[in-house]
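Here are some short exercises to work through with the model open beside you. Try each task before reading its solution.

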Protein chains: 4
Amino acid sequence: MKGKLKGIVPPVITPLTRDRQIDCAGLKKLLEYILAGGVHGLFILGTTGEGPVLGYELQKKMIEETCATVNGRVPILVGISAAAMDESVKLAEIAHRNGAYGAVAAPPYYFSLGEPELIDYYETLVRRIPLPLFIYNMPSMTKTCLKPAAIIRLAEVPGIIGYKDSSGSMSDFHEVLSALRGREDFSIFIGPEELLGEAVLFGADGGVTGGANLNPHLFVSMYEAANRSDLPEIRRLQDEICRQRKLYFIGRYSSSIVKGIKCALALMGICSEYPAEPFHIFEEKEKNEVRKVLADLSIS
Amino acid sequence: MKGKLKGIVPPVITPLTRDRQIDCAGLKKLLEYILAGGVHGLFILGTTGEGPVLGYELQKKMIEETCATVNGRVPILVGISAAAMDESVKLAEIAHRNGAYGAVAAPPYYFSLGEPELIDYYETLVRRIPLPLFIYNMPSMTKTCLKPAAIIRLAEVPGIIGYKDSSGSMSDFHEVLSALRGREDFSIFIGPEELLGEAVLFGADGGVTGGANLNPHLFVSMYEAANRSDLPEIRRLQDEICRQRKLYFIGRYSSSIVKGIKCALALMGICSEYPAEPFHIFEEKEKNEVRKVLADLSIS
Amino acid sequence: MKGKLKGIVPPVITPLTRDRQIDCAGLKKLLEYILAGGVHGLFILGTTGEGPVLGYELQKKMIEETCATVNGRVPILVGISAAAMDESVKLAEIAHRNGAYGAVAAPPYYFSLGEPELIDYYETLVRRIPLPLFIYNMPSMTKTCLKPAAIIRLAEVPGIIGYKDSSGSMSDFHEVLSALRGREDFSIFIGPEELLGEAVLFGADGGVTGGANLNPHLFVSMYEAANRSDLPEIRRLQDEICRQRKLYFIGRYSSSIVKGIKCALALMGICSEYPAEPFHIFEEKEKNEVRKVLADLSIS
Amino acid sequence: MKGKLKGIVPPVITPLTRDRQIDCAGLKKLLEYILAGGVHGLFILGTTGEGPVLGYELQKKMIEETCATVNGRVPILVGISAAAMDESVKLAEIAHRNGAYGAVAAPPYYFSLGEPELIDYYETLVRRIPLPLFIYNMPSMTKTCLKPAAIIRLAEVPGIIGYKDSSGSMSDFHEVLSALRGREDFSIFIGPEELLGEAVLFGADGGVTGGANLNPHLFVSMYEAANRSDLPEIRRLQDEICRQRKLYFIGRYSSSIVKGIKCALALMGICSEYPAEPFHIFEEKEKNEVRKVLADLSIS
């Protein structure tokens with residue numbers, strides 16, 4: 001792989017069977033569906049991938065199956081976020097053995113670390129793992145917000161090669177973009193899909209957008225439109241993204257995003273719909289709302 | 001064991017060597033020190049025990065060593081809190097094999113669960129583990145606060161035998177106490193040590209108080225004084241607890257409580273002072289503050 | 001008045017007519033009802049008194065009417081919390097002219113002040129007003145939590161004669177109590193009524209408890225029982241307080257406490273039930289829940 | 001005035017003398033400076049204008065002086081945010097008498113209102129005031145976040161003619177933009193200045209940007225560049241805005257933004273630097289940091 005990673009790197013959901021094993025057939029179908037959309041990489045075991053709530057065995061299986069299926073067609077990033085650093089290291093080693101391109105780590109999410117502790121955490125982690133590392137800012141899950149100053153400092157650490165910002169704060173994101181502009185060896189990705197257009201317009205390298213599980217081509221199109229500053233097309237695609245995003249507001253609680261995507265993929269015939277324990281699949285009422293959202297989209 | 005668990009059940013810290021292995025000699029010394037204080041049980045791998053930030057191997061070792069050393073002298077509770085339920089189940093199985101009395105689980109701490117999801121979580125978990133379960137409310141770490149209505153409902157679930165409240169909200173605690181008064185098969189423990197006296201005065205069964213690592217007898221005395229409504233003695237002990245608690249405000253960030261206790265235990269010659277990665281031991285300046293606090297206490 | 005203020009100082013609700021004027025007849029009846037319960041002072045225009053959401057004219061009228069009716073029988077504290085210090089000063093001057101005993105100020109609640117700014121705020125305010133000042137910690141409304149260190153420092157400022165803690169944190173309250181024990185010129189009051197018993201047991205001077213609008217005698221009894229360390233009576237009264245407190249959980253949102261008390265007082269025939277704009281009175285369904293709670297109390 | 005309000009509407013700071021009176025000479029100079037930058041309106045007594053922390057007399061004086069000086073050259077919006085609705089109504093009446101174009105109200109900021117209560121609040125307020133109303137979302141100050149569904153609903157209420165979003169959430173802002181696209185009678189403004197470019201690119205009507213006090217032309221240029229989708233110019237201006245914004249991170253606490261702007265204006269010789277009580281002016285060390293930021297800008 002030459003140069004830094006750029007483009008659309010979907011955070012792949014983890015298809016699970018009813019008894020919460022990896023739905024291997026569904027996973028293969030999903031991966032082919034996403035790859036056919038022209039994406040530039042894949043990110044497994046992130047938040048959308050339910051990484052932290054899967055047990056060790058399922059995480060390992062998910063890494064092996066994905067790497068085998070993709071077989072080098074695009075780079076694979078593997079989420080190694082854990083409360084315990086030893087477990088993150090173990091996951092990174094498995095990812096490395098299976099040919100992953102990089103590891104992605106959110107701050108540890110039990111104790112709430114102060115900024116110097118966060119810097120220490122990432123400096124120690126990157127020394128202990130055999131893969132280059134992306135920093136993953138996900139304050140709604142980890143309670144800890146990595147502020148621009150921390151990211152800018154960590155971007156100097158050897159082995160740290162990128163940043164994924166899911167904080168939702170474009171104000172912070174602009175500070176990072178503005179400070180790291182021109183870095184040819186550091187990738188800056190935006191998480192929330194409704195912010196992809198503006199992020200790329202202002203210099204981001206791409207997006208790790210959950211909605212790309214459902215319509216990878218839509219996000220690849222947005223990435224390309226933003227790269228050529230095609231505003232009319234960007235506005236058109238933004239409206240489509242907003243329509244699709246209504247999936248995330250069906251149901252309540254933070255698990256709804258995963259449930260919404262999984263339910264839609266099941267309705268589209270791609271893979272099974274089960275979230276990890278103790279979450280349940282959507283009931284009929286919610287499924288009907290998912291159907292309604294899908295009916296309004298160009299993928300259906 | 002007859003009747004429900006009552007009394008002082010210290011959340012034992014996990015002594016670690018410089019290279020972050022279990023400090024087995026230190027652990028033995030610490031356990032004997034705590035037991036000599038007259039405590040009624042032990043709780044390992046809780047927050048004070050850094051359970052969630054230790055890796056699987058260290059957690060397993062800590063269970064084995066503790067159970068072997070204690071050898072049935074008091075009941076042992078084992079923290080099984082994890083982001084993934086499968087990992088909690090694995091820990092509970094290890095605890096069971098080693099003779100633990102019960103398991104203790106905080107809400108999963110990656111996704112933020114809604115109340116019905118929390119109820120589901122505990123109902124599913126208790127069915128999957130071979131030990132009776134204590135619910136552990138620790139919102140500052142898990143972001144999720146178990147409200148009284150949820151606790152009162154979960155107290156009806158077979159296999160759930162107790163509650164540890166570290167929320168710091170005496171208002172919520174009173175609601176639980178008031179609703180579950182007289183339950184001979186359900187234990188209610190308070191976490192924050194400065195609230196032990198009033199909690200027991202109003203009907204709590206005991207405390208899981210971090211400071212009991214340093215001075216187990218102080219907390220056993222408070223428990224006994226509260227049980228006999230000896231207010232002058234309670235006020236005297238409360239002042240001593242407040243003096244000792246100053247240890248927790250040395251340093252910054254939520255890791256300071258663990259660092260403060262470990263540093264004090266090292267200065268007292270009981271065990272090593274290393275916290276789990278990436279946390280550091282206190283520097284000389286902070287150690288001197290620890291020395292000053294210790295000098296003011298009856299244990300020194 | 002000799003010595004510091006002690007005992008039960010109810011935060012009096014502000015009875016309003018349907019067109020949101022002071023319900024003067026209702027106010028007189030309410031004041032006589034509360035005074036008959038044996039309270040030691042009155043606090044008007046606090047949170048329960050909806051002080052900050054009443055306009056200037058209503059605040060002025062409430063001060064005048066209350067002071068005239070009470071006519072020196074007990075000391076009157078007047079809430080002067082405002083976003084603008086000039087308005088707090090104006091209120092304190094009105095209170096002074098009408099014979100109030102002291103002013104009570106929460107931190108200004110628009111900008112979020114840092115600790116040194118809060119210290120400055122209170123030092124400046126107390127110099128500008130003609131009345132002694134009580135500090136009022138009410139983080140759920142002001143977003144700013146006064147930590148023990150700030151209170152302990154402000155307790156040294158001439159003119160600041162007391163503290164009312166509505167933070168709900170008994171941990172912080174113990175730190176303040178422990179540091180200011182024995183101060184014969186500084187009053188420490190607890191806000192949340194379910195914490196009155198333990199607060200007084202550990203040395204607090206009394207309570208500013210909203211429920212005393214409905215049953216002043218209950219809280220006076222708890223204060224006296226705690227002062228003589230009568231634990232069986234304290235536990236009995238605590239249960240009654242917990243039953244009464246169910247009023248606060250009818251309806252939703254933070255306005256429910258005021259609505260619940262006003263609705264109950266209206267049902268008891270004491271005064272009108274209207275909250276300040278834009279809040280509405282309870283609907284029939286919620287009124288029935290209030291009736292049910294009342295039916296279970298010794299006042300009904 | 002024909003059509004809806006569009007463009008750059010700076011939230012004017014309130015120049016105060018050392019004894020906290022309106023600095024009338026400074027205010028005139030500031031208004032002329034801002035108007036010379038080509039702005040499309042002015043917003044006084046907002047957060048940057050310290051509206052809620054000025055007393056009633058200062059608010060009245062600020063309205064009178066500003067309206068007299070501007071004398072109809074651009075429309076004037078007046079902040080009427082208050083904890084008490086009666087005070088908001090009084091301010092709106094004063095604004096109306098002085099010829100203001102509209103009123104701007106954040107949610108009341110003492111009690112935390114639920115969504116139906118917020119809807120009620122705005123519906124009641126707009127009926128009681130003699131001016132059209134802009135809704136002002138400012139959760140960091142008011143603790144209450146107006147979500148897109150509430151804004152979309154309030155946009156249907158007669159008399160409510162616009163929305164200013166200072167939440168910092170571009171995700172929520174896109175939802176509002178997408179739902180209200182094409183409304184020729186409703187203005188949508190962004191607050192945070194670093195988000196102005198993207199907001200206008202995606203359809204916002206303009207910005208209420210604090211930095212326009214210092215360099216109004218910069219923000220007018222960004223507005224125009226975004227309107228013609230001139231991406232290279234937008235990126236250039238964005239960098240200048242990011243450089244200027246460093247002013248806001250000098251000092252600590254939420255008062256720093258106002259202090260930073262006022263200090264810079266004083267150094268530029270435009271008006272006095274005093275913030276409202278109890279805030280202090282910057283000390284020499286911080287002033288030097290302000291000088292350094294200014295030296296790096298095109299205005300200096």
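**Exercise 1. Find how strand β6 (residues 160-165) of chain A is joined to β7(A), and follow the chain between them.**

Solution. This is a predicted model, so treat each step as a reading of computed coordinates.
- Start with the pairing: β6(A) and β7(A) run parallel and are joined by four bridges.
- Pick out one pair: Tyr163(A) stands opposite Ile188(A) of β7(A).
- Now trace the path: the chain leaves β6(A), passes through helix α7 (residues 170-180) of chain A and arrives at β7(A), in a right-handed β-α-β crossover.
- Look at the side chains of β7 (residues 187-190) of chain A: Ser187(A) and Phe189(A) point one way, Ile188(A) and Ile190(A) point the other way, and all are buried.
- Move on to the next strand: β7(A) is joined by two bridges to β8 (residues 206-207) of chain A, again in parallel, and Ile190(A) has Gly207(A) as its bridge partner.
- Finish with the connection: β7(A), helix α8 (residues 196-201) of chain A and β8(A) form a right-handed β-α-β unit.

**Exercise 2. Work out the strand order of the sheet in chain B, and name its edge strands.**

Solution.
- Read across the open sheet: its eight strands come in the order β1-β8-β7-β6-β5-β4-β3-β2, with parallel pairing.
- Check the ends: β1 (7-8) and β2 (42-44) of chain B are the edge strands, each pairing on one side only.
- Zoom in on one edge: β2(B) pairs with β3(B) over three bridges in the parallel sense, and Ile44(B) is partnered there by Val78(B).

**Exercise 3. Test whether the length of helix α3 (residues 85-97) of chain B agrees with its residue count, then find what its buried residues pack against.**

Solution.
- Compare the spans: at 1.5 Å a residue, the 13 residues should cover 18 Å, and the end C-alpha atoms are 19 Å apart, which agrees.
- Identify the buried residues, among them Met85(B), Val89(B), Leu91(B) and Ile94(B).
- See what they pack against: α2 (56-70) of chain A, along with α2 (56-70), β3 (76-79) and α4 (115-128) of chain B.
- Step just past the helix: Gly99(B) has a positive phi of about 90 degrees.

**Exercise 4. Compare two salt bridges of chain B, Glu64(B) with Lys60(B) and Arg183(B) with Glu156(B).**

Solution.
- Take Glu64(B) and Lys60(B): their closest N and O atoms are 3.4 Å apart, and both residues lie in helix α2 of chain B, four residues apart, about one turn.
- Check their exposure: Glu64(B) is partly exposed at 31% relative accessibility, and Lys60(B) is partly exposed at 27%.
- Turn to Arg183(B) and Glu156(B), whose closest N and O atoms are 3.3 Å apart.
- Place them: Arg183(B) is in the loop between α7 and β7 and Glu156(B) in the loop between α6 and β6 of chain B, so the pair ties together parts 27 residues apart in sequence.
- Check exposure again: Arg183(B) is buried at 19%, whereas Glu156(B) is exposed at 56%.

**Exercise 5. Describe the contact between chain D and chain C.**

Solution.
- Count the residues: 42 of chain D are in contact with 42 of chain C.
- Look up the area: about 3500 Å² is buried between the two chains, with carbon and sulfur atoms giving 63%.
- Add the charged pairs: there are four salt bridges between these chains. Glu117(D) forms a salt bridge with Lys259(C), with closest N and O atoms 3.3 Å apart.

Terms used. Residues numbered from 1 in each chain as written. Chains lettered and ligands numbered in written order. Predicted model: local features only at pLDDT ≥ 70, side-chain atom pairs only at ≥ 80, totals over all residues. Heavy atoms only, no water. Buried < 20%, exposed > 50% of the residue type's maximum accessible area, 1.4 Å probe, protein only. Pairing = 2+ DSSP bridges. Right-handed = clockwise from strand over helix to strand, strands pointing away. Expected span 1.5 Å × (residues − 1). Contact = heavy atoms within 4.5 Å. Buried area = accessible area lost by both parts, 1.4 Å probe. Salt bridge = Lys/Arg side-chain N within 4 Å of Asp/Glu carboxyl O.
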